[in-house]
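User: Please take a close look at one part of this model, and then follow the connections that lead away from it. I would like a single, continuous account.

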Amino acid sequence: MREILQSFRVAYDYPVVFTRNAFSPSNCTLTGVLARGGAPPQRILPVIDAGLLAADPGLPDRIESWAARSDLQLELIREPLIVRGGEICKRDPKEVREFHDLVAKHSLCRHSYALVIGGGAVLDAMGYAAATAHRGIRLIRMPSTSLAQNDAGIGVKNAVYFAGRKNFLGTFAPPFAVVNDFALLDSLDERDLCAGSAEAIKVSLIRDADFFRSLYEARHALARFDAPAMESMIVRCAELHLEHIQTSGDPFELGSARPLDFGHWAAHKLEELTGGSLRHGEAVAIGIAIDSLYSRRAGMIAEEELEQILALLEEVGFDLYHPALRTLEVERALSEFREHLGGKLCITLLKGIGSGIEVDHIDLPLMKSCVESLAQRSPRDRSPAAARGR
Ligand SMILES: NC(=O)c1ccc[n+]([C@@H]2O[C@H](COP(=O)([O-])OP(=O)(O)OC[C@H]3O[C@@H](n4cnc5c(N)ncnc54)[C@H](O)[C@@H]3O)[C@@H](O)[C@H]2O)c1
Ligand SMILES: [Zn+2]
């Protein structure tokens, strides 16, 4: 027998830049990002979320004017790929296929760029497409929802559905760069502005009590989508996610622990059960409520802590009840979550605000009672979001 132990390390670094109006002539962010890619000319395929385009029809012209600047020596593909926004582009392989067709048609190489501007779903689907074209062409993400700017668009993962299962196909593929342009959020509706707060509340609960307190203090400003409150929420949330990826020792999630997925076992199932009509952030807010209730009933957090968590979720605008809760099969959802993570069951719970803990066993009757408690919330208990008819 002969064994050769192959071993090497690959270092990744990519900038995550926060700016406003990235395509304006005086903004150097994108130029700086492209300068990291070597000598021009650089070829760029623009990809735009159809929901963003409908709300901001001037965007393709702004991209063209920016790219036409002579100093940049860019070759912009004058045929942006428009991708249906939301879960449909992850469920239906149509746009992944169209992306690959355009890469072939325009002879894009592994040093060319896909400049993908959109919500988390478009970034996930097009990230998967970019990672699989020629085994990976350079991806510049420009997240255009608050959730994509503080979580979905900044990390190392992409995914699409397969056989109705969310995120079944996907890769770990760090982007070339992420440009978080706050001006893109100007056209976002209230529902999607709110959705991003769920991931910030999530990461504050498992990592940073001070951040939780600041979110709690800013809850009324966040409910009004006040720009400074939203922007500092986005920046701190992104920072905590990036810090985790950098320092956890497991950026490509080879182990079973997935602390950033606090509240997500239920959220993923609720998204599937509602056919994507529940936004990821809305489902995560419900998932956080379930796992916080469980943490309380298992004696791990105090009643006042639970009350603060539920109050923050509701006061920033989340509805913690959805009819799909009545059909949520806890055992099956936990088992599918375990299968997706790989290895043994590993669920993050809370041992205090700002402090997550991984457990490998869930008391099913107790968890079911938590789901039932939320399912039984009376309309009186419900949030302003429910009152607004969300
Ligand atoms: N890869 C990851 O690490 C990761 C992390 C978290 C979430 N996700 C995924 O992200 C997805 C959710 O992303 P999301 O919350 O950004 O929602 P989304 O991508 O579903 O977008 C929501 C809606 O907003 C529209 N839209 C996007 N930007 C807009 C703008 N600026 N103006 C007007 N409309 C706009 C879209 O067309 C869509 O209709 C889920 O599929 C989730 O699984 C991925
Ligand atoms: Zn999430």
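Analyst:
**Helix α7 and its connections**

D151 has a relative accessible area of 18%, and it is therefore classed as buried, the cut-off for that class being under 20%. This and everything that follows refers to a predicted model. The side chain of D151 forms a salt bridge with K202, in which the closest N and O atoms are 3.5 Å apart. The pair links distant parts of the chain, since D151 belongs to helix α7 and K202 to helix α8 (residues 190–207), with their positions 51 residues apart in sequence. K202 is likewise buried, with a relative accessible area of 1%.

The other face of the account is the ligand. Helix α7 spans residues 146–152 and, together with α2 (50–55) and α6 (120–132), is one of the helices that each supply at least two residues of the shell around ligand 1. The largest share of that shell, 4 residues, comes from α7. In full, 26 residues surround ligand 1, and D49, E87, G120, S144 and T145 are the closest. By character, the shell divides into 8 nonpolar, 9 polar and 9 charged residues.

Several polar approaches to the ligand can be described individually. An N or O atom in the side chain of T145 lies 2.5 Å from an oxygen atom of ligand 1, and a polar side-chain atom of E87 is 2.5 Å from an oxygen atom of the ligand. At G51 the partner is a polar backbone atom, which is 3.4 Å from an oxygen atom of ligand 1. Taken alone, ligand 1 would expose 870 Å², and the protein buries 90% of that area.

Returning to helix α8, a second salt bridge can be followed from there. D192 pairs with R279, the closest N and O atoms being 2.6 Å apart. R279 sits in the loop between α12 and α13 (280–297), whereas D192 lies in helix α8, so this pair ties together parts that are 87 residues apart in sequence. D192 is buried, with a relative accessible area of 14%, while R279 is partly exposed at 29%.

The loop that holds R279 leads back to helix α12 (residues 264–273), of which 9 of the 10 residues are buried, so that the helix is largely enclosed by the rest of the structure. Among those buried residues are W265, L270 and the charged pair K269 and E272. K269 and E272 also take part in a network of salt bridges that further includes R165, E329, R332, E336 and E339. Following α12 in the chain is G275, whose phi is positive, near 60 degrees.

These pairs belong to a total of 33 salt bridges in the structure. Another of them joins the side chains of E95 and R84, at 2.8 Å from N to O. E95 is in helix α5 (residues 94–105) and R84 in the loop between β4 (81–83) and α4 (88–91), so the link connects parts that are 11 residues apart in sequence. Here E95 is buried, with a relative accessible area of 1%, and R84 is partly exposed at 28%.

Note on methods: Residues are numbered from 1 along each chain as its sequence is written. Chains are lettered from A and ligands numbered from 1 in the order in which they are written. This is a predicted model: local features need pLDDT of at least 70, side-chain atom pairs count only at pLDDT 80 or more; totals for chains, interfaces and linings use all residues. Side-chain values use heavy atoms; hydrogens and water are left out. A residue is near a molecule or strand if one of its heavy atoms lies within 4 Å of it. A polar contact is a pair of N or O atoms within 3.5 Å; within protein, one must be able to donate a hydrogen and the other to accept it, and residues adjacent in sequence count only if both atoms are side-chain atoms. Accessible areas come from the Shrake-Rupley method with a 1.4 Å probe; for residues, only the protein chains shown count as cover. Ala, Val, Leu, Ile, Met, Phe, Trp, Tyr, Cys and Pro count as nonpolar, Asp, Glu, Lys and Arg as charged, and the others, Gly among them, as polar. Buried means under 20% relative accessible area, exposed over 50%, partly exposed in between (1.4 Å probe, protein chains only). A salt bridge is a side-chain nitrogen of Lys or Arg within 4 Å of a carboxyl oxygen of Asp or Glu.
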